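Here is a short note to go with the structure. Please keep the model open while you read the points below.

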2 protein chains.
Amino acid sequence: MNELLALDNQICFSLYAANRAITSRYRPLLAELGLTYPQYLVMLVLWERASANQPTRVSDLGTRLRLDSGTLTPLLKRLALRGLIHRERRQDDERVVTISLTDEGAGLREQAAQVPQKLLCGLDVSPERLLALRHELNAVLKAIEAQEVEEEPSG
Amino acid sequence: MNELLALDNQICFSLYAANRAITSRYRPLLAELGLTYPQYLVMLVLWERASANQPTRVSDLGTRLRLDSGTLTPLLKRLALRGLIHRERRQDDERVVTISLTDEGAGLREQAAQVPQKLLCGLDVSPERLLALRHELNAVLKAIEAQEVEEEPSG
DNA sequence: TCAAATTAAGTTGTGTGCAATATAAATGTC
DNA sequence: GACATTTATATTGCACACAACTTAATTTGA
């Protein structure tokens, strides 16, 4: 009876289960917008950067979302197929693909603005508590990522 | 600049990123055992139930891990192929498949017992803080799942 | 008792994640 | 200026997740 191995004592399982549970709450709301959850995250980044007039490369999305091209390339192709974004090779550096919003993609933001409230209302956890949880998660994320840099001192 | 839509203000993104970050820390440790992360979770449940002499059905794993047969069936086939488990249709109810550990599967527990410590040491977050985070995550998970039952009162 | 409903697991198809590798363009170096 | 190195993205292959559907066995109930 190794207590350390008990499923309920694994922080990783709590994260795993909570993440999937939250995602499953988003799914029907995002389906109304015709988006999957990772596609929604990509759109959030694009909306954010567009309103700051920042052009966005595939690698910018990767850095922000911690995703590589193996995930992003097909996802972006689907968003392009849906008419929400443009993918364009940059003239002065043909290695780079620039992602920009179409009018439809930019317009979708208004509908998306409803999503966070819709999700929170009906969830029996106070906003303060969620805020605290978010801060804790970010701290753990930071600690893990700091460790990764530490272990690859390939400078 | 809709603050509600800012990526950094999305609890869901913190969960998503932290979950993948933690999982990526597990990956090399579990690779030594020849397990993926979801396979590890299944083994945790099997070890736990075996030490309590509880037989385990596919649906027991599904309930505990919140996974359906579409995920579990192929995963369990891979574990069986690896020689860690047996899959057997129950005699008295042929709809049910019982999962049991092979000797090798049971023996793997000793190696797995090293995993949690290995993961925690090197992570610059205090155990107390992780414990608090786990409790918070479980509370949110419970709130979400309570809501699901509430919305499907199909009794 | 026997057809309808329910239950348990399996199958199929789509969309991630991620490792490994490939391709092509730019950069650095001699 | 030719060649090795680096950089940015794309491709391939595998393993989840999950919705939708199928199959087969059991239970229910008129």
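**Notes on the model**

1. **DNA strand C, first contact.** This is a predicted model. Start at B:Lys77: one of its polar side-chain atoms lies 2.7 Å from a phosphate oxygen of DNA strand C. B:Tyr16 does likewise, with a polar side-chain atom 2.6 Å from a phosphate oxygen of strand C. A:Gly70 makes a contact with a base: a backbone N or O atom of A:Gly70 lies 3.4 Å from a base nitrogen of strand C.

2. **Who supplies the surface near strand C.** Both chains take part. Chain A gives two or more residues from each of α2 (37–51) and α4 (69–81). Chain B does so from α1 (11–33), α3 (58–65), α4 (69–81) and β2 (85–89).

3. **What surrounds strand C.** In total, 28 residues surround DNA strand C. The closest are B:Tyr16, B:Arg20, B:Ser69, B:Thr73 and B:Arg87. By class, the surface holds 14 charged, 8 polar and 6 nonpolar residues. On the DNA side, 78% of the strand C atoms within 4 Å of the protein belong to sugar or phosphate. The rest belong to bases.

4. **DNA strand D.** Now turn to the other strand. DNA strand D is surrounded by 28 residues, and the closest are A:Tyr16, A:Arg20, A:Ser69, A:Lys77 and A:Arg87. Sugar and phosphate make up 79% of the strand D atoms that come within 4 Å of the protein. The surface near strand D has 14 charged, 8 polar and 6 nonpolar residues.

5. **Phosphate contacts on strand D.** Which residues should you check here? An N or O atom in the side chain of A:Tyr16 is 2.6 Å from a phosphate oxygen of strand D. For A:Lys77, a polar side-chain atom lies 2.6 Å from a phosphate oxygen of strand D. Chain B contributes too: an N or O atom in the side chain of B:Thr36 is 2.7 Å from a phosphate oxygen of strand D.

6. **Elements near strand D.** At least two residues each come from α1 (11–33), α3 (58–65), α4 and β2 (85–89) of chain A. The same holds for α2 (37–51) and α4 of chain B.

7. **How the two chains are related.** A rotation of 180 degrees, with 0.0 Å of shift along its axis, superposes chain A on chain B with an RMSD of 0.0 Å. The two copies are thus related as by a two-fold rotation axis. Of the interface residues of chain A, 100% are also interface residues in chain B, so the copies meet through the same surface.

8. **The core.** The largest nonpolar core has 103 residues. A:Tyr40 and B:Tyr40 have the most contacts inside it. Leaving out residues up to four places away in sequence, B:Tyr40 touches B:Tyr26, B:Leu30, B:Leu35, B:Val115 and B:Pro116, along with A:Leu5 and A:Gln10 from the other chain.

9. **An exposed residue.** B:Glu110 lies in helix α5 (residues 103–112) of chain B. Is B:Glu110 buried or exposed? Its relative accessible area is 67%, so B:Glu110 is exposed. B:Glu110 and B:Asn53 are 57 residues apart in sequence and 18 Å apart in space, C-alpha to C-alpha.

10. **Chain A overall.** Chain A has 7 helices and 3 strands. From the N terminus, the order is α-α-β-α-α-β-β-α-α-α. The C-alpha trace spans about 60 × 45 × 25 Å along its principal axes. Of the 155 residues of chain A, 45% count as buried.

Notes. Residues are numbered from 1 along each chain as its sequence is written. Chains are lettered from A and ligands numbered from 1 in the order in which they are written. This is a predicted model: local features need pLDDT of at least 70, side-chain atom pairs count only at pLDDT 80 or more; totals for chains, interfaces and linings use all residues. Side-chain values use heavy atoms; hydrogens and water are left out. A residue is near a molecule or strand if one of its heavy atoms lies within 4 Å of it. A polar contact is a pair of N or O atoms within 3.5 Å; within protein, one must be able to donate a hydrogen and the other to accept it, and residues adjacent in sequence count only if both atoms are side-chain atoms. Helices (H or I, at least four residues) and strands (E, at least two) are DSSP runs, numbered from the N terminus. Ala, Val, Leu, Ile, Met, Phe, Trp, Tyr, Cys and Pro count as nonpolar, Asp, Glu, Lys and Arg as charged, and the others, Gly among them, as polar. Copies are superposed by least squares on the C-alpha atoms of residues with pLDDT of at least 70 in both. Contact means heavy atoms within 4.5 Å. A nonpolar core is a set of buried Ala, Val, Leu, Ile, Met, Phe, Trp, Tyr and Cys residues joined through side-chain atoms within 4.5 Å. Buried means under 20% relative accessible area, exposed over 50%, partly exposed in between (1.4 Å probe, protein chains only).
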